[in-house]
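Got the viewer open? Set it to a cartoon view, keep the selection box handy, and we'll walk through the fold stop by stop.

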Amino acid sequence: MTAMAALGERSGFPGSVVTLTGNGDITDWNASAERTYGWLRKDMLGQSLQQRLRCQSFRFPGLREPEAHRTLRTWSGVCERLTRSGHLHIAHIVRIAVGHRLGDTSIVEFGTDLTGAIQKGQERAYHSGCPAPASWWSVDFDAVMARAKTLVEAGVHNLAGFLIERPAMVRAMLAEARVLRVTDSALDMFSSSSRHAPLDNLGLIIPDDSLADFAEAIAEAVDGETFQVVTTRFCALDGRAFDGVMNVTFAGPASSGDVTNVGITDTGTMGGTVASVEATARRYRELFDAIPCAVAEVDSRSLFETARELIASGIDDVEAYLDAHPAVHRRARSGLKFVSGNTEFLRMVGARSEADIVGPIARFLPQTSHCARFIAACATGQSRVQADMTLLRRDGSTMPCHLETSLRPIEGRPHTSIVTLYDLSERVAAEERVADAQAESAHAARVAMLGGLGVSIAHEVAQPLAVIALDAMALRKWLASPEPDMVELDALATRLLTQTSRAMDLLGSIRAMARRAPPEVEAVDLNDVLQASLRLVANDISRNNITLDQTLAREPLWVTGDRVQLGQIVVNLVSNAIQALAGTEGSERRIGVSTREEDAHAELVVDDNGPGLGETAATQVFERFFTTKQGGLGIGLPIARSIAHTHGGTLVVADAPEGWRCRFLLRLPCLPGG
């Protein structure tokens, strides 16, 4: 039972006590409500009171129900409802709106059963006493109605205005409203010691400042309004005045056996309960606002309903279905609404009050990519979902944030989700600083690596330049002959272009590795990266009498990444293998490079038959400043692994197969559809 409903129970009120959200969904349902309507509490939590009880009419003093919710904090009315068995139930209710912010309103409803009391001939219902705080009267209004109709027949068009201007006439008419019988609660309410006297006419309990209210009620009765609710002040016989609500049901002429039933509620009797309920609500609100992280309440009805529809349709893989039908989750997302938020949430989104945030969540969380996963979580019964998102603040600025959503059902509010947002601005800024530092380290490592490959690079550049020089001399010789061979000239020109392109590609690779530039993420063929990297170290391989074994995948291995950084990994691995083999004697020196696709990953393997890594070195080789080489810095492999991680992959020491002593394995996710 909720705190508000428990307070209603402790107030001693014997009727039904129901608590509702501002939208009219039931959040609690006491034992008296179970007996009155025939529905158990567990069946009613989260249901719409209006729809479940099929309310036929709801009468407020001059207001429709939605207007009453927005306008009043306490009000009364009479509602005609159907019980679970289909019988008509008529209840007088008092509703109290608790909460002072939009989206934070709860409603406590106190209901009194009027069904027996207003049925003709059910006299026993009167004398058995209706549950407090209502008191009941049977009144003969024949003389009042006859006098009012005489005025209309005499030409009075605005009867209400006419009577308001003549309060003495209204009092005289009320004195003619003859009281036939009252309940014991009426005697207590108006401090009377007798059931029949002196409460013999309504004029006794109506003070002068309330006569205008009754003038309007009389005029409406003449116009045919058979049921009215009058909010006014009353006075007891001991002089005590109080605010109350009078419900009047005009049944017909008393001479024909019908009487007018009047119910009066002292709204002041609810004061203690109102204060207690509001104090509890304020306490919970203060605790809510004191939470140091941003918390918001979301109406997730559309999310849960979409999930149920998909399950009912027999769809097993909800997320895959939504990916293929984006219109479905876009429709569900459009129904998500922020209902309330704590102080930290308002600060985060830049809102002045809750009124600024109530409404579609798309105003603040415009991304749609995560919605399918949230619906799938609802469908599979997950209680918690989280994602990194971009928050759009009210001033148009953006903020990176981490969102966690609790999908665990809340008693009485099954369609409500609690969302917690964490500001990631500081973390993202720190990650950017780390990324800059890593990029600087990677650049320094590349420059150092290029310095170590100076001889090999010079040799690689010298080769195409030498070919270009020889072809240029041959070209001049042919041009000097009386009859140049045009076919030979064309072949020489083609070779010149080829070697020039080769030299330019090599120099371009060197320049790319040497310059400090942001990563350029693109689709890259890992086979091409390997071939370009091997050209940089080709002379070192040849100079150290190393045999290179290449086994490349037949099809391109497309991955997403920066070509220069991936090339840095390959050059580092092959250079380490060359240096490991340089000091070996006796056996054939071999390096093996291979690529393949495995489990949607592109794999690049570098093997060598050098001395291998010891057991200790194999576990420490990726630690910064750890090295097995004389004069080594110990930064190449840690940077290479960091690059692999930023590309969503891994770089590890793997078990070397027979014939090899050391193996490094680079795994990168393949590009979808590649």
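Start by selecting helix H13, residues 301-312, and look at what covers its buried residues: helix H14 (318-324), H15, H17 and strand S17 (416-423) are included in that cover. Keep in mind as you go that this is a predicted model. Now show the side chains of Ser302, Leu303, Phe304, Thr306, Ala307 and Leu310, the buried residues of H13. The helix has twelve residues, and from its first C-alpha to its last it reaches 16 Å, close to the 16 Å expected at 1.5 Å a residue. Step just past the end of H13 and click on glycine 314, which takes a positive phi of about 85°.

Two of those covering helices deserve a stop of their own. Select H15 (residues 326-334) together with H17 (residues 371-380): their axes come within 9 Å and cross at roughly 80°. Angles of 65 to 115 degrees count as roughly perpendicular, so that is the label for H15 and H17. Which residues meet where H15 and H17 touch? On the H15 side you'll find His329, Ala332 and Arg333, and on the H17 side Cys371, Ala372 and Ile375. Colour the residues of this contact by type and you get four nonpolar, one polar and one charged.

Next, jump along the chain to a sheet. Select S19, S21, S22, S24 and S23, and you have the five strands of an open sheet, in that order across it, with mixed pairing. Strand S19 (546-551) and strand S23 (650-654) are the edges; each has a single partner strand, so one side of each is left without a neighbour in the sheet. Turn the view to look across the strands: neighbours are turned by 15° against each other on average, direction ignored.

Now bring in helix H21, residues 526-543, which packs on this sheet. H21 touches S19, strand S21 (589-598), strand S22 (601-608) and S24, and its direction makes about 170° with that of S19. Then add helix H24 (residues 636-646), which lies across S23 and S24 and runs at about 130° to S23.

Zoom in on S22. Is this strand mostly covered or mostly open? Mostly covered: seven of its eight residues are buried. S22 pairs with S21 in the antiparallel sense over eight bridges, and serine 594 makes a good landmark, standing opposite valine 605 in S22. Follow the hairpin of S21 and S22 round its turn, where two residues lie between the strands, and pick out aspartate 599 with its positive phi near 55°.

Stay on valine 605 and look towards S24: there valine 605 stands opposite leucine 665. S22 and S24 are joined by eight bridges and run antiparallel. Carry on from S24 (residues 662-669) to S23, again an antiparallel pair, joined by five bridges. The residues to select here are valine 653 and, opposite it in S24, phenylalanine 664.

Finally, zoom out to the whole chain. You should be able to page through 24 helices and 24 strands. Of the 674 residues, 46% count as buried. As for contacts with a separation of 6 or more, 61% of them are accounted for by residues 24 or more positions apart.

Notes:
Residues are numbered from 1 along each chain as its sequence is written. This is a predicted model: local features need pLDDT of at least 70, side-chain atom pairs count only at pLDDT 80 or more; totals for chains, interfaces and linings use all residues. Side-chain values use heavy atoms; hydrogens and water are left out. Two strands pair if DSSP finds at least two bridges between them. Helices (H or I, at least four residues) and strands (E, at least two) are DSSP runs, numbered from the N terminus. Axes are lines fitted to C-alpha atoms, for helices over the stretch in contact, and angles run from 0 to 180 degrees between N-to-C directions. Contact means heavy atoms within 4.5 Å. Buried means under 20% relative accessible area, exposed over 50%, partly exposed in between (1.4 Å probe, protein chains only). Angles under 35 degrees count as roughly parallel, over 145 as roughly antiparallel, 65 to 115 as roughly perpendicular and the rest as oblique. Ala, Val, Leu, Ile, Met, Phe, Trp, Tyr, Cys and Pro count as nonpolar, Asp, Glu, Lys and Arg as charged, and the others, Gly among them, as polar. The expected span of a helix is 1.5 Å times one less than its number of residues.
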